[in-house]
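Hi everyone, thanks for making time for this. Let me put the sequence and the structure up, and then we can walk through them together.

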Amino acid sequence: MLGWDRHAWGDFHFYLGVSMSVLVVIHLLLHWGWVKRAVASVRYRFGWIGLLGILILAAIPLLLPVSG
C-alpha cells in the first residue's frame with residue numbers, strides 16, 4: 001500500500017504509537033489539577049480500577065518472551 005513494504009508500515013506504526021503516548025502524557029500534565037482531584041475522589045474509584053486493569057492487560061505483551 002502506497003509503495004511501502006511491511007517494515008516501513010511497522011516503523012510508521014511504532015513512531016505513531018510513540019507520538020500518541022507522548023501526547024497522552026502532555027495531556028495529563030496539562031490537566032494535572034483535575035487528575036489529582038479525580039484520584040482523591042471516591043466517585044472515580046471504579047474508573048481508576050478499570051484503568052489499572054487496562055494498563056495491566058496492555059503490559060502483558062511487553063512481559064512475554066519473544067520467540068522467533
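Let's start at Ala38, which sits in helix α2. This is a predicted model, so please hear every value as computed from that prediction. Is Ala38 buried or exposed? With a relative accessibility of 1%, Ala38 is buried, because the cut-off for that label is under 20%. Which residues does Ala38 touch, once we leave out those up to four places away in sequence? The answer is Tyr44 and Trp48. For Trp48 I can also give you the backbone view: Ala38 and Trp48 are 10 residues apart in sequence, and their C-alpha atoms are 8.9 Å apart in space.

Now keep that buried alanine in mind as we look at the whole chain. Of its 68 residues, 3% count as buried. The accessible surface is about 6500 Å², and carbon and sulfur atoms make up 74% of that surface.

What does the secondary structure look like? There are three helices and zero strands, and reading along the sequence you get the pattern α-α-α. The chain is more spread out than a compact globule, because its radius of gyration is 17 Å, well over the 11 Å that the globule rule gives for 68 residues. If you prefer to think in boxes, the C-alpha atoms fill roughly 50 × 30 × 15 Å along the principal axes.

A word on confidence, since I know someone will ask. The chain averages a pLDDT of 84, and 97% of the residues score at least 70. Among the elements, helix α1, residues 6-30, has the highest mean, at 90. Helix α2, residues 32-40, has the lowest, at 80, and that is the helix holding our Ala38.

On to the rings, which I enjoyed looking at. How many aromatic pairs does the structure hold? Four. One of them joins Trp4 and Trp9: their centres are 4.6 Å apart, with 50° between the planes, which makes the pair tilted. Trp4 is partly exposed at 38% relative accessibility, and Trp9 is also partly exposed, at 27%. Another pair is Phe14 with Tyr15, which is edge-to-face, at 5.1 Å centre to centre and 70° between the planes. Tyr15 counts as exposed, because its relative accessibility of 55% is over the 50% cut-off. There is a cluster as well: ring pairs link Trp4, Trp9 and Phe12.

Last stop, Ala59. Where is it placed? Ala59 belongs to helix α3, residues 45-63. Its relative accessible area is 27%, so Ala59 is partly exposed, whereas Ala38, at 1%, is buried. How far is Ala59 from Tyr15? The two are 44 residues apart in sequence and 18 Å apart in space, C-alpha to C-alpha.

So, to pull the picture together: three helices and zero strands, in a chain where 3% of the residues count as buried, and with four aromatic pairs in the structure. That's my tour, and I'm happy to take your questions.

Methods:
Residues are numbered from 1 along each chain as its sequence is written. This is a predicted model: local features need pLDDT of at least 70, side-chain atom pairs count only at pLDDT 80 or more; totals for chains, interfaces and linings use all residues. Side-chain values use heavy atoms; hydrogens and water are left out. pLDDT is the predictor's confidence in each residue, from 0 to 100. Helices (H or I, at least four residues) and strands (E, at least two) are DSSP runs, numbered from the N terminus. The radius of gyration is taken over C-alpha atoms; the globule rule is 2.2 Å times the number of residues to the power 0.38. Buried means under 20% relative accessible area, exposed over 50%, partly exposed in between (1.4 Å probe, protein chains only). Accessible areas come from the Shrake-Rupley method with a 1.4 Å probe; for residues, only the protein chains shown count as cover. Rings of Phe, Tyr and Trp (its six-membered ring) pair if their centres lie within 6.5 Å; planes under 30 degrees apart count as stacked, over 60 as edge-to-face and the rest as tilted. Contact means heavy atoms within 4.5 Å.
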